[in-house]
Amino acid sequence: MEFTKGHGTGNDFVILPDPDGALDLTPDLVAGICDRRRGLGGDGVLRVVRAAKHPDGVALADTAEWFMDYWNADGSFAEMCGNGARVFVRYLLATGLATATDGTLPVATRAGLVRARVDGDTIAVEMRRPRLYDTSHATLGGLTLPGMAVDVGNPHLVCALPAGIDLAELDLTRAPDFDPRVFPHGVNVEFTTPGGPLDGSDGHVLMRVYERGSAETLSCGTGACAVAAVALRDAARDTGTITVDVPGGRLTITVTEDSCWLAGPAALTATGTLTPTALHPR
Ligand SMILES: N[C@@H](CCC[C@H](N)C(=O)O)C(=O)O
């Protein structure tokens, strides 16, 4: 099985080319591949399959040639992965599987069509405008934090830390508890604290994330979009550009009237051959 490894601000993925959808990808196989000691290691898997050849992509096959079949590290599916989409596009361009027409490239995902724009090291993807839909809370250790539920195609809970709690000190080795009535399919939880003023940005936020299906990651693109939407709501603005710093780097989010652009670096780091039968069984 041929693979490529890549990351966007430290959110890392194993990319599996499977143009005709012939690969028998199972939750156990994905979990084995993403195992950081006994597999390749990754926050998730991006299977590269023609939209026409995947049941979840076929409806978009007229608009996008490629479908991003995203899986979390534990073998579960997610509707959307913002950093994954950026790395997916880097892969399509680097391998010549696609070219950007007028600098843009459409990609089919479970959350619908995303449009990518390429500018050197930076890849930006246009996704749906985040929708703030409920208040809820997360509990971490003994700490219960109020938060805002945000739909970015996948579910998020954005929790601002109160003064006196240091973002860097949070223990994210264990999953935060959340209300399953608000998030019946699980949730990605973002913890935030304000960043200092930045020129050319309407806001600056520092974020850490505990991802559904992948535990703490160094970055989450859809999570950063959720955080940006909450920051704009707090500033009584409808649109604007928010800089979100994550442990793996910097993301720039531009929320418009009807969409959301997520921009940042995306890199490919290795290629090789994987021996599925040698992976540790889950
Ligand atoms: N890291 C991703 C989000 C991946 C999916 C998430 N874990 C979920 O289950 O919804 C991103 O960059 O958006």
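**Figure 1. Surroundings of Cys81 in the predicted model.** Leaving out residues up to four places away in sequence, Cys81 touches Gly44, Tyr70, Gly221 and Thr222 in this structure, which is a predicted model. Cys81 lies in the loop that connects strand 4 (66-72) with helix 2, and because 31 other C-beta atoms are found within 10 Å, this cysteine counts as buried. The UniProt record, an unreviewed entry, places the feature "active site" at Cys81 and at Cys220. These two positions span 140 residues in sequence, yet no two of their C-alpha atoms are more than 7.7 Å apart, so they gather at one spot.

**Figure 2. Surroundings of Cys220, the other position that UniProt (unreviewed entry) lists under "active site" together with Cys81.** Cys220 has its place in the loop between strand 14 (215-217) and helix 3. With 36 other C-beta atoms within 10 Å, against a threshold of 20 or more, Cys220 is therefore buried. When residues up to four places away in sequence are not counted, the residues that Cys220 touches are Asn11, Asn83, Asn188, Val209 and Glu211.

**Figure 3. Asn11 and Gly221, two of the positions recorded as "binding site".** The unreviewed UniProt entry gives this feature to Asn11, Asn72, Gly82, Asn83, Asn154, Asn188, Glu211, Arg212, Gly221 and Thr222. Asn11 belongs to strand 2 and is buried, with 31 other C-beta atoms within 10 Å. Beyond the residues up to four places away in sequence, Asn11 touches Asp43, Asn83, Thr217, Leu218, Ser219, Cys220 and Gly248. Gly221, in turn, is found in helix 3, where 29 other C-beta atoms within 10 Å make this glycine a buried residue. With residues up to four places away in sequence again left out, the contacts of Gly221 are Gly8, Cys81, Gly82, Asn83, Arg86, Leu251 and Leu262.

**Figure 4. The shell of residues around the ligand.** There are 17 residues around the ligand, and those that come nearest are Ala78, Asn83, Asn154, Gly221 and Thr222. Two elements, helix 2 (82-95) and helix 3 (221-234), give two or more residues to this shell, and the largest share, three residues, comes from helix 2. Sorted by class, the shell consists of three nonpolar, 12 polar and two charged residues. At least three residues of the shell are drawn from each of domain 1 (2-127 + 266-275) and domain 2 (131-257). Among the residues that come nearest to the ligand is Asn83, a position that also appears in the UniProt list for "binding site".

**Figure 5. Ile15 in strand 2 (residues 11-17).** Ile15 counts as buried because 25 C-beta neighbours lie inside 10 Å, where 20 or more are required. If its neighbours within four places in sequence are set aside, Ile15 is in contact with Phe3, Thr4, Gly6, Leu46, Val48 and Tyr91. For a sense of distance across the model, the C-alpha atom of Ile15 is separated by 30 Å from that of Ala168, a residue 153 places away along the chain.

**Figure 6. Helix 1 (residues 27-34) and what covers it.** This helix is mostly covered, since six of its eight residues are buried, namely Leu29, Val30, Ala31, Gly32, Ile33 and Cys34. The cover over the buried residues of helix 1 includes strand 2, strand 3 (44-50) and strand 4.

**Figure 7. The whole chain, as context for the close-up views.** The chain contains three helices and 18 strands. Its radius of gyration is 18 Å, close to the 19 Å that the globule rule gives for 282 residues, so the chain is as compact as a globular protein of that length. Along the principal axes, the C-alpha trace spans about 50 × 45 × 30 Å. Of the 282 residues, 45% count as buried, and among contacts between residues at least 6 apart in sequence, 64% join residues at least 24 apart.

Note on methods. Residues numbered from 1 in each chain as written. Predicted model: local features only at pLDDT ≥ 70, side-chain atom pairs only at ≥ 80, totals over all residues. Near = placed C-beta within 6 Å. Helix = DSSP H or I, 4+ residues; strand = E, 2+ residues; numbered from the N terminus. Nonpolar A, V, L, I, M, F, W, Y, C, P; charged D, E, K, R; others polar. Domains from an automatic or database assignment. Buried ≥ 20, exposed ≤ 12 C-beta atoms within 10 Å, placed from the backbone. Contact = placed C-beta atoms within 7 Å. UniProt positions renumbered as here; feature names shortened; annotations may be inferred. Rg over C-alpha atoms; globule rule 2.2 N^0.38 Å.
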